[in-house]
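User: Could you take a close look at one part of this protein for me, and explain carefully how that part sits among its neighbours? I am in my first year, so please go step by step.

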Amino acid sequence: TPPQSAPLPGVTPLRAQTAAEQEALGAEVGAAAPTLEGWLEKKSSNGGWQSRYCVLTATHVAYLGSKSKPRKARFALELAGVESVEPAAEAPTRAFVVCSSRGPELTLKGSATQAHAWLAALRAAVAAAAP
C-alpha cells in the first residue's frame, strides 16, 4: 500500500518518494479512469511553482512526475477527505486551493481557462465523493 503520513484515510495526502512507492500510489490512483488531466503548476513548500502532470479521477486528485510515467504518482489526495476547492488568493483567476479538514493540501495554477475547468470538475467530483 502507498505510504501515509498519518492513519486518517481520505484526509491525509499520500506522498511517494521511492520508485516503488510511486508505482503503488499510481496503481491506487489509476484504478479509476481520469475525469480530467493535464499540465498544471503546483505550489511548492518554498513558495515556488513546479510543473506537474495532474490527474482527477472519481476518487483522487493527484500529480505525477510526468505524463509519460502515468503509473508513477508522486502525490494523491482522496476526494472523500476534501472539504473545499477555492480560488487561491494570490491568483484568483488562475490558481486554486484544495483543502481538507487539516487545511490547504494542494495549490495548483494554470491558465484562466484551465483553472476554471479544474475548479468546476474538482467541485463536482468532491460533491460526488462526499459520504
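The request below picks out one residue, and the answer works outward from there.

User: Which residues does arginine 52 touch, not counting residues up to four places away in sequence, and what surrounds its strand, S3?

Analyst: Please keep in mind from the start that this is a predicted model, and that every value below is computed from it. To set the scene, the protein chain has two helices and eight strands, and along the sequence these follow the pattern β-α-β-β-β-β-β-β-β-α. Of the 131 residues in the chain, 44% are buried, and among the contacts with a separation of 6 or more, 45% are between residues 24 or more positions apart.

Arginine 52 itself is found in strand S3. Although arginine 52 is buried, it has no salt bridge, and the nearest side chain of opposite charge, that of glutamate 41, is 9.6 Å away. A salt bridge requires the charged atoms to lie within 4 Å, so the computed separation of 9.6 Å is consistent with the absence of one here. What the side chain of arginine 52 does make is a polar contact, at 3.3 Å, with the side chain of glutamine 50. Leaving aside residues up to four places away in sequence, arginine 52 touches Gly38, Trp39, Leu40, Lys42, Tyr63, Leu64 and Arg74.

Two of the residues in that list, Trp39 and Tyr63, lead us on to the aromatic rings, of which a search of the whole structure finds two pairs. In one of them, tryptophan 39 and tyrosine 53 meet edge-to-face, with 5.4 Å from centre to centre and 75° between the planes. Because tryptophan 39 lies in strand S2 (residues 36-43) while tyrosine 53 lies in strand S3 (residues 49-56), this pair ties together parts that are 14 residues apart in sequence. The partners can also be described by their exposure: tryptophan 39 is partly exposed, at 40% relative accessibility, whereas tyrosine 53 is buried, at 5%.

Tyrosine 63 and phenylalanine 75 form an aromatic pair that is stacked, with 5.3 Å between the centres and 10° between the planes. This pair links distant parts of the chain, since tyrosine 63 belongs to strand S4 (residues 60-64) and phenylalanine 75 to strand S5 (residues 73-78), 12 residues apart. Tyrosine 63 is buried, with a relative accessible area of 9%, and phenylalanine 75 is buried as well, at 1%.

Strand S3 also has a helix packed against it, for the buried residues of H2 pack against S2, S3, S4, strand S6 (82-87) and strand S7 (95-100). Those buried residues are Ala115, Trp118, Leu119, Ala121, Leu122, Ala125 and Val126. It helps to know that an α-helix has 3.6 residues a turn, so residues three or four places apart point the same way. The 18 residues of helix H2 (residues 112-129) should span 26 Å at 1.5 Å a residue, and the end C-alpha atoms are 25 Å apart, which agrees.

Finally, glutamate 41, the nearest opposite charge to arginine 52, is one of the residues touched by threonine 107. Threonine 107 lies in strand S8 and is buried, with a relative accessible area of 12%. Lys42, which arginine 52 touches, is likewise among the residues that threonine 107 touches.

Conventions
Residues are numbered from 1 along each chain as its sequence is written. This is a predicted model: local features need pLDDT of at least 70, side-chain atom pairs count only at pLDDT 80 or more; totals for chains, interfaces and linings use all residues. Side-chain values use heavy atoms; hydrogens and water are left out. Rings of Phe, Tyr and Trp (its six-membered ring) pair if their centres lie within 6.5 Å; planes under 30 degrees apart count as stacked, over 60 as edge-to-face and the rest as tilted. Helices (H or I, at least four residues) and strands (E, at least two) are DSSP runs, numbered from the N terminus. Buried means under 20% relative accessible area, exposed over 50%, partly exposed in between (1.4 Å probe, protein chains only). Lys and Arg count as positive and Asp and Glu as negative; His and the chain ends are not counted. A polar contact is a pair of N or O atoms within 3.5 Å; within protein, one must be able to donate a hydrogen and the other to accept it, and residues adjacent in sequence count only if both atoms are side-chain atoms. Contact means heavy atoms within 4.5 Å. The expected span of a helix is 1.5 Å times one less than its number of residues.
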